[in-house]
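Visitor: Could we take a close look at just one part of this protein? I'd like to see how it sits among the rest.

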Amino acid sequence: MVEKLGTQGFMDELCNGFRILMDGEKGVITLESLRRNSVVLGLGGMSDDELKSMLEEGDLDGDGSLNQMEFCVLMFRLSPELMKGSRRWLEQMLN
């Protein structure tokens, strides 16, 4: 996917995904916002326990929600092929 979109395009897509799922007032992904917007991702059939597990897996600071950085880290962790190229993409972003 990164090869198709380029590094900046891919990062933009991750940010767009975060914005789709986040609570507009709180600026983070909460259980409620994930439940409300999960249909967009094809996750409409997931139970609250499954959605909570997703949040807990990515919640690095323990506040019960995902900020943009936590969301991006989770997306990379869940996609091993992204991890393989992440160092190269980071170098491209910094140059």
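Visitor: At the start of H4, which backbone nitrogen does a side-chain oxygen of Asn-67 reach to?

Guide: The one belonging to Met-69: the Asn-67 side-chain oxygen comes to within 3.1 Å of that backbone nitrogen, right at the start of H4. Before going on, remember that this is a predicted model, in which local features need pLDDT of at least 70, side-chain atom pairs need 80 or more, and totals use all residues. Numbering runs from 1 along each chain, and side-chain values use heavy atoms, without hydrogens or water.

Let's place H4 in the whole protein. You have five helices and zero strands here (DSSP runs of at least four residues for a helix, H or I, and at least two for a strand, E, numbered from the N terminus). Along the sequence the pattern reads α-α-α-α-α. H4 covers residues 68-78.

Now look at which parts of H4 are tucked away. Glu-70, Phe-71, Cys-72, Leu-74 and Phe-76 are buried there, meaning under 20% relative accessible area (over 50% is exposed, in between is partly exposed, with a 1.4 Å probe and protein chains only). Take Cys-72 as an example: its relative accessibility is 13%, so it counts as buried. Its C-alpha sits 8.1 Å from that of Phe-18, although 54 residues separate Cys-72 and Phe-18 in sequence. Across the protein, buried residues make up 33% of the 95 residues.

Phe-71 from H4 also turns up in the largest nonpolar core, which has 14 residues. Such a core is a set of buried Ala, Val, Leu, Ile, Met, Phe, Trp, Tyr and Cys residues joined through side-chain atoms within 4.5 Å. Phe-71 is among the members that touch the most others, together with Leu-14, Leu-21, Ile-29, Leu-34, Leu-55 and Leu-66. H4 gives two or more residues to this core, and so do H1, H2 and H3 (48-58).

Keep your eye on Leu-66. Not counting residues up to four places away in sequence, Leu-66 touches Phe-71 and Leu-74, and also Phe-18, Val-28, Ile-29, Leu-55, Gly-58 and Asp-59; contact here means heavy atoms within 4.5 Å. Follow Leu-55 from there and you meet Thr-30, which has Leu-55 among its contacts, along with Asp-23 and Ser-65, once neighbours within four places are left aside. Thr-30 sits in the loop between H1 (2-21) and H2 (31-37), and with a relative accessible area of 7% it is buried. Over the whole protein, of the contacts with a separation of 6 or more, 35% join residues 24 or more positions apart.

Back on H4, there's a link to H3 as well. Glu-57 and Arg-77 meet in a salt bridge at 3.5 Å, N to O (a side-chain nitrogen of Lys or Arg within 4 Å of a carboxyl oxygen of Asp or Glu). Glu-57 is in H3 and Arg-77 is in H4, 20 residues apart, so the pair links distant parts of the chain. Neither end is buried: Glu-57 is partly exposed at 40% relative accessibility, and Arg-77 is partly exposed with a relative accessible area of 40%.

The structure holds two salt bridges. In the Asp-48 and Arg-35 bridge, the closest N and O atoms are 2.9 Å apart. Asp-48 lies in H3 and Arg-35 in H2, so this pair ties together parts that are 13 residues apart in sequence.

Key:
Polar contact = N/O pair within 3.5 Å; in protein donor to acceptor, adjacent residues only side chain to side chain.
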